[in-house]
Amino acid sequence: MQSDELPSLYDRLGGVYNIAAVVDDFINRIMTDDRLNKNPAVDQAHHRVSPPGFKYLVTEMVCSASGGPQQYSGRSLGDSHRHLNITDDEWAAFLDDLHKSLAKFEVSSAEEKDLVAIVESTKDAIVVAPLQSRQPPL
Ligand code: HEM
């Protein structure tokens with residue numbers, strides 16, 4: 001009985017207005033993060049995509065994945081990230097930025113934990129490059 005009655009993560013985060021506000025801050029953070037933009041493919045894409053469109057798609061995805069009524073209309077995560085050669089270090093920087101945005105908006109640790117679990121479930125589609133891939137051959 002108890003767990004069935006827990007409001008959805010979408011409702012606990014405060015719905016689309018609150019989620020969009022966090023995504024706005026978070027995308028501003030990642031688009032200017034040197035730890036991510038030192039990857040030339042990420043830097044190039046971050047300068048090519050429009051921030052409002054990027055924020056729209058990420059908001060739609062977070063709303064949908066957290067139990068909101070929205071339907072994600074963007075590309076699959078594999079198709080939108082495969083060409084970026086994202087590494088484990090970049091993944092860690094992304095999660096660090098996410099933590100900073102959630103802390104800024106005082107999102108509680110229970111909601112952060114549930115949101116990070118959703119994000120972690122996408123890691124295999126996003127991180128395709130092993131750490132060694134950009135080191136010169138011996
Ligand atoms: C280190 C981690 C990540 C980096 C550096 C990153 C970076 C990027 C970049 C540069 C783009 C634009 C790609 C292009 O159009 O060429 C993009 C698109 C996108 N990303 Fe990420 N991303 C990361 C992880 C994630 C995660 C974990 C999610 C969601 C759980 C996500 C959701 C999206 C969405 C929804 C789009 C738009 C897809 C579309 O254009 O249809 N990203 N990302």
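In the predicted model, F94 is partly exposed, with a relative accessible area of 23%. F94 also belongs to the residues that come nearest to the ligand, a group that further includes R48, R75, H81 and H83, out of 23 residues around the ligand.

Two aromatic pairs are present in the structure. In one of them, the ring centres of F26 and F94 are 5.1 Å apart and the ring planes stand at 80 degrees, so the pair is edge-to-face. Because F26 lies in helix α2 (residues 15-31) and F94 in helix α7, this pair ties together parts that are 68 residues apart in sequence. F26 is buried, at a relative accessible area of 6%. W91 and F94 form a stacked pair, with 5.8 Å centre to centre and 15 degrees between the planes. Both W91 and F94 are in helix α7, three residues apart, or about one turn of the helix. W91 counts as buried, with 6% relative accessibility. F26, W91 and F94 make up one aromatic cluster.

The ligand occupies the largest pocket. Two or more residues of the shell around the ligand come from each of α4 (40-48), α5 (51-65), α6 (77-81) and α7 (88-104); α5 gives the most, with four residues. By class, this shell comprises 14 nonpolar, six polar and three charged residues.

Polar side-chain atoms approach the ligand at several positions. One such atom of R48 lies 2.5 Å from a ligand oxygen atom, and one of H83 lies 2.9 Å from an oxygen atom of the ligand. For H81, an N or O atom of the side chain is 2.8 Å from a nitrogen atom of the ligand.

Terms used:
Residues numbered from 1 in each chain as written. Predicted model: local features only at pLDDT ≥ 70, side-chain atom pairs only at ≥ 80, totals over all residues. Heavy atoms only, no water. Near = heavy atom within 4 Å. Polar contact = N/O pair within 3.5 Å; in protein donor to acceptor, adjacent residues only side chain to side chain. 1 Å grid on protein atoms, 1.4 Å probe; cavity = no way out; pocket = protein on both sides within 12 Å on 5 of 7 lines; lining within 4 Å. Sits in = over half its atoms within 2 Å of the grid points. Nonpolar A, V, L, I, M, F, W, Y, C, P; charged D, E, K, R; others polar. Phe/Tyr/Trp six-rings, centres within 6.5 Å; stacked < 30°, edge-to-face > 60°. Buried < 20%, exposed > 50% of the residue type's maximum accessible area, 1.4 Å probe, protein only.
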